[in-house]
Each structure stands twice: as C-alpha cells, then as structure tokens.
Amino acid sequence: MNRYAREGVETVNALYKKDGKTRWSIMDKLLLGLTPQQYMAQLIRNPFNWILAVIFAVGLPIIAGRFLFGLSWVTHSSCDYPWGLFLGFGLFGMVPLSSSGFQLGTTVEVFGRHDFEPIERLALLNGLLGYFFAVCFLMVDLGQPWRLPYPMVVAFGPAAVLFLVAWHVATYLSVQIAEVSCSFFEWIGFPMGKRGVRRITLGLTVAGIILSTLHQGALGALFTYAPGKVHPLWYSASFQWLHFFVSSIPGGLCMVIVVSTIARKTMAWRCDDNFCNNLDKLTVALAKGASMGLATYLTIKLISVAHDNKWEYLATGWGAWYIVEMLIGVILPLIIFAYSIRRDKVGLVRFGAVLVVVGTVLNRMNTAMFTFNWKLAEREIPHWREIVICITIYSIYITVYRFILNRLPILYQWNTADEAVPEFSRSGMNLAADKPSPAPAGTYCSSVGEPASGTAGSPVTE
Amino acid sequence: MKRRDFLKGCMICGTAATLGVSKKSWGAGSFEGYPEGMGVLVDLTKCVGCRSCEAACNKEQKLPEPDRPFTDPSVFEEKRRPTERALTVVNRYDTKNENGSAGGPVYRKIQCNHCNEPACLTSCFVNAYTKTKEGAVVYNPKICVGCRNCMIACPFNVPGYSYSSAFNPVVKKCIFCYDTRLKFGKPPACVEICPQEVLTFGHRKDLLKIANERIKETPDRYVDHVFGEKEVGGTSWLYLSGKPFEQVGFDTTIGNDPIISNVKEFLGTVPMVLAIWPALFTGFHLLSTRNKDHGDHGHDHEKKEEGKQ
C-alpha cells in the first residue's frame, strides 16, 4: 500500500473524491480507493499476509475442532489447572493492555487535554479490540460458550466477582463501541450519528472510568478466591485488585505506544501529518504517564510484600522469578523512561514500552498459570493445539486491527470532518470553519519526505 | 451547571450507590450452616483402604467404568484427586511417628466436604451451586456456563470437569447423594456400604459431639483436632485422624475464614467506586475545562446520564 501511496494513487480520506463531486462508494471505501486488481496485488505483495494465511490455514480448523471435539482435544486443562493459556494469556493478558481507551478518553474529554487528540482514537480502538478479543478468547475457553449471556438473563450470582466482570465487560464493550462509532459514522457518512455520540461523550467517558476501575480490579480480585493456590508473592487479599488496576495503567499506555509505532512503520501511507508530527511528542507524554503508573505500581507491590511480611519468599526460586518479572516489567522500564524522557530519545522510550507490555502480560500469566498451584508438584504445560489457537486468535486480532486502521479515520483525520450540509457547499473544508478544531482537518500539505503526505494530496479547496 | 441538573446528577449518583450496595452486599455476613444440616464423620484410624466406597459411589452416581477395577490396590501408588470420573477417591499416605520411625499407612477418603460457606457457590456467577438445608452442596448443570471458577476457588481441589464432552461439559463433584438419598433422609451410598464403620452419618452438630467424645475417651488414638469443624468456615464432612493432618494429605494452612472473606475487601470497594467516581470525574472535567475553549465538540456539560452504571 505504501508503494501505491508513493505512486500517487488517490486513497479514501473524505466522503468525496478529490474532484469534490463524486462520492466514494462503499466498495471504494472498502478497497481503500484502489481498483480490485490493485487491491489484490497489494494483498499478495505483502509477505505478512502470507504468514497470516499459513497461520489461518492451520489454526482455523483447530478452532473448529475445539468446538467439535471438546476442550480436552485442544488443551491440557485438568481438574487442578482449570485455566490455561486462553484465559491466562488471552483474557488476563489482553484486558490490561486495553485500558488505553478509558485513559486517553479521560485525558482528552474529561481533563480537556486536546493536545492528545491525534492519538485518542487509536487508544479507543485499541481498547475496544483488546476487550473484544479477550471475550473471543473467553468464548473459546468456556465449556458452553453459547450460555455466555446466562449471567445477564437466566441466573444471577451477584456475590461473585465474575458476575461483576461479566456485566462490566459487557457494558464497557458497548460504551467503547459507542466511542469508536464516531470514526465509523464519519467514514460511512452519517454525521447525525456522530453528533449524537459526541453529545454523550462525557457520560460515556465517565462510565468508562468507572467500569474500567472496577473490572480491571475485579480480574485481580478473581484470584482472591484462591488464597492457597496463587503464590503468596503474587497474592494479596487487600492489594490484589489494586495491583491489577494500577498495572493496567502503564500497560494500556505502553500498548498504545507500541501499536502507534508499528502503525507508523507499516502503515505510513495511512498516517496523516497531524498524527506523524505529533507522535514523538505524544509518545514521550504517554511514557511520562506510564512512568507514574509504574512508580505507583512498584510502591504498592512493595507495600503488599511488607504488609503480609512475605520477604522470606524472595529468597526462594519463586522469589527470583518474581524479581525477574519486576525487573523486566517495572524497574528496567522505569530507568529507561527516566533516562530517555529527559533526553527526548523516543526510540528508547518505545523500547521501554515494549518491556512494559511484556512485563504486564508476564505478570498476568504468572498469576494465572505459572505460579498457580505452587504447592502442587506437577506444572501444566499447554497443549500445542492450545498454543496454535492462541496464535490464530491473536492473528485474527491483528488482521481486524489492521483492517480498521486502514479504513476508518483513526490514524488520519477525515477530510470533511463536520459536513453538516454536504449538499450545499462542495467547496469542502471551509465549512468546518464554524467549529474550529485544534488541528484543523485542512492542514494537509505535502511537506516532509513522508510517503504519507503524497496520499493526502492537497486539500480539496484548492 | 443549572441547579436542576445538579440535583439530577445527585439523584443519579445516589441511585448508583444504592444499586451497588444492594447488589453486592449479599457477599457479606457469615453463615454457620443450617441448624438441621447433616454431615459425615470420617474416622481415618478405622479405614483399611478397601475402596468399596468408591465402588458404591460409582454405581450410585452412574459414573463410567474405572480404568482399573476397584479391587486393584496399585492405585495407591499415586495420590489421586476426585475427578469427573470418580467423585470420591481413597489415597494411601505413609506416615511417620514422632521419633521418625515408620507409622504405617493411613487411608483417607476424599470427596466434596460440603462447606458451610462454599467457595464454589460464592464464586459462581450464575449461582449454579446451592447449599441445601440438609447440608449438601449441589450443582445445577443446566445453567453452568463452564467458566470453571469454582475449580479455581475450591480450597480442597474437589470439582472435576468433563473436558472431553464437546456439547455438554459439566462440573462433576460429590453431591452427598442428594437427589437419590439425602433428600429422603437416607445416608449416602458410601456411608451405607462402608464395612469398617469409618463413616458416621448424622446431624453435623451431633457428629461434632461424637468426634470430641472419641478424642476425649481415647486421647492416644487421635490427634486433638476435628478437621472441618472450623476450616474455611466449617464443613459438613468432618475428619478424625490418628496422625498429624498434614501427614495424611490435608492442607492445614487454609485457615478458618471462609474463602469469600478474602474477596470482601474488593467487593467493599465496588459501591464506593460506583458512588464517588461519577461525581469526582465530572468535577474534574468542570474544573479543568473552565474558562477554556472547549468548542469543537459541542458537547454540553449536562449530558452525563450514562454515568450511572
């Protein structure tokens, strides 16, 4: 796609084509403004698609097999280890990385920091997709996934933490869909819908904060049901929910840094100048936020060890592993951030962010799998099919992520952002004048040596 | 902000708070078990490991044929746990005397202990478990979603899951023969068949008296402790042992608090968050966007009806 962009093929970034008269059809929009032949050609040219194809060819039949032959065909989940990779990695690992939605929503909408806007939509989408695919992982893991709505309609177990998780994740998913729908309405050309959503944005955002606080914490609180099974270093009756909630903050922010880095590299044609020019600055800003989260997390981790007087466990093998986890996910990134933020070394910040993401997932997998049942002699090793399914679902996640980023105005701004009355004035950008945005959509200019700038072309007004 | 909107906001927050409280506080309060609850006293000093209880359970609960027959003593080579194919198992433990010499084998029957405040019940988000007034903890396979949180929560590692079933996997655990026997006042199949009178069926409170009398009469024979009297809030099945409990496979570190009491600290924060957050963050919003051009979104401050749940 980057090649087409360089060659100057016109891509969809507004309701109307550059000539200002013809509307992009849905088909054009889906094919990114390319002809079907061009679209296929770029699909085939991308080696990453071939990797995905191989993964799907192997993985999809195995996922089908899981539903036909039962869980025992794909997992080693036993009576002692009921939760395997699907939940340990899929659910517990993906949810904290998806806290970005509520955090940037809060920053922009509640605290009024509009300078974060270029990355807000990416953060919201990251949140939505993370949650959605966490639920997908859950569907694969549940014994009877078709009964998933039961806690909503058939039978209620209100004293259970999982009841709270179910309700909150379901509600939060709808909140996030509403938040992300803004971009969808722009893309599809339905300004009414967009305006409707904008009107309740503050409510949605505050709802997002509440729901996120509670269910990020609740996922941690799930493990307080197993005080004798989770290793004491990863367990704390009083702090468990705080650990999960607080570590989700740097986790989510760093996931946005990682995703934006990848998108900037692999989808350069889709990123507009507003995104590209602000990205480095925003990356550092996000890292600052993440550092504060990490520092808080480190503190409460230490407090919980002191609170239950668990120092002696640090001297054991489990303790060494605990220290490794803290080093990778917390202490090392803190040092890296402290160094690189001050010196404005964005590349190093991004490396630190990768560490935080790895560390957060490692922490969840440690709690849910590696140190679970630490008193039992034998550890569960996941079945190869379980690993394949995880990789497959994660690949679907990447594919969907890419599909949306390529199309919806997430990394770029919709050219006619607020066409209240598109029929009257075709002259384009000027009608956004009554509602000026901090970085007006008309700021497209072919500056910088970026391939992206060629795509956007000159504003319609010219 | 207009005064009317302020009042509206207050009401919304108030409703959220009450909803939160009334929903979650069910988890609170402690429960000592039903007064007429039944139980079984297991006297490990009498058990000879004949495994006839396993066979009786298999027949009563219509479980699949075991891999090795119930007369095969080779199963004692390993430590087994209840699974979806065997709701009760007998294990052999080689014990030691205080002076370090071999104390001979002790056999222990394992099954669901039917807690007074079951962890499985409190962790279940569809309420598939019920503690009946007879003392049994029974399970409703019709509504179980299969999250297996109960297996995570059970401090005794009892529930098993039929992973091999693709379309109707369910949790399998001892249900005290509730449907076929306990409901009608009859003892469970394992108790009835035991040739050594290891198992005594009766009201839990009477069994506690019997257990303490036995300890009192023959203090040399027993460890002075009834396992299950207080553990995790008390269980309907009680154990007497001649050897220290940790030597015969009991987890003596589980404590006397019901599992749910670990979770209460979190559950307590839920209404707080529901009540405080909306006001706090809309407050932040008003403060931080005051006198600022907040134009381009055109969302006005009174639209916060979503803040309630």
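What share of the 309 residues in chain B is made up of buried residues? In this predicted model, buried residues account for 43% of the 309 residues in chain B. The secondary structure of chain B comprises seven helices and nine strands. Among the contacts in chain B that link residues at least 6 apart in sequence, 65% join residues at least 24 apart.

Part of chain B is organised around an open sheet of three strands, arranged in the order β8-β1-β9 with mixed pairing. Strands β8 and β9 of chain B form the edges, each pairing on one side only, and the twist from one strand to the next averages 25°. In general, the strands of a sheet pair through backbone hydrogen bonds, in either the parallel or the antiparallel sense. Here, β1(B) and β8(B) pair in the antiparallel sense over five bridges, and within this pairing B:Met38 stands opposite B:His203 in β8(B). Helix α6 of chain B, which spans residues 204-217, packs on the sheet and touches β1, β8 and β9 of chain B, and the direction of this helix makes about 130° with that of β8(B).

On the other side of the pairing scheme, strand β1 (residues 38-43) of chain B pairs with β9(B) in the parallel sense over four bridges, and B:Leu41 stands opposite B:Leu238 in β9(B). Strand β9 of chain B covers residues 237-240, with B:Trp237 and B:Tyr239 pointing one way and B:Leu238 and B:Leu240 the other way; all of these residues are buried.

A contrasting environment is found at B:Pro195, which lies in the loop between α5 (189-193) and β8 (199-203) of chain B. B:Pro195 is exposed, because just 9 other C-beta atoms lie within 10 Å, where a residue counts as exposed at 12 or fewer. When residues up to four places away in sequence are not counted, B:Pro195 touches B:Cys50 and B:Ser52. Between B:Pro195 and B:Gly283 there is a separation of 88 residues in sequence and of 72 Å in space, C-alpha to C-alpha.

The contact between the two chains takes 62 residues from chain A and 63 residues from chain B. On the side of chain A that touches chain B, at least two residues are supplied by each of α4 (47-69), α5 (71-74), α9 (150-153), α10 (161-188), α11 (191-199) and α12 of chain A. The largest share of this side, 13 residues, comes from α12(A). By type, the residues of the side of chain A that touches chain B divide into 41 nonpolar, 16 polar and five charged.

Within this interface, helix α12 (residues 201-221) of chain A packs with helix α7 (residues 260-288) of chain B at an angle of about 160°, their axes being 9 Å apart. Because of this angle, α12(A) is roughly antiparallel to α7(B), a term applied to angles over 145 degrees. The crossing in which α12(A) passes α7(B) is right-handed. Residues of α12(A) that make the contact include A:Leu202, A:Val206, A:Ile209, A:Thr213 and A:Gly217, while those of α7(B) include B:Phe266, B:Val270, B:Trp277, B:Pro278 and B:His285. Taken over both helices, the residues of the contact of α12(A) with α7(B) comprise 15 nonpolar, four polar and no charged.

Notes
Residues are numbered from 1 along each chain as its sequence is written. Chains are lettered from A and ligands numbered from 1 in the order in which they are written. This is a predicted model: local features need pLDDT of at least 70, side-chain atom pairs count only at pLDDT 80 or more; totals for chains, interfaces and linings use all residues. Axes are lines fitted to C-alpha atoms, for helices over the stretch in contact, and angles run from 0 to 180 degrees between N-to-C directions. Angles under 35 degrees count as roughly parallel, over 145 as roughly antiparallel, 65 to 115 as roughly perpendicular and the rest as oblique. A crossing is left-handed if the near helix is turned anticlockwise from the far one by less than a right angle, and right-handed if clockwise. Two residues are in contact if their C-beta atoms, placed from the backbone, lie within 7 Å. Ala, Val, Leu, Ile, Met, Phe, Trp, Tyr, Cys and Pro count as nonpolar, Asp, Glu, Lys and Arg as charged, and the others, Gly among them, as polar. A residue is buried if 20 or more other C-beta atoms lie within 10 Å of its own, exposed if 12 or fewer, and partly exposed in between; C-beta atoms are placed from the backbone. Two strands pair if DSSP finds at least two bridges between them.
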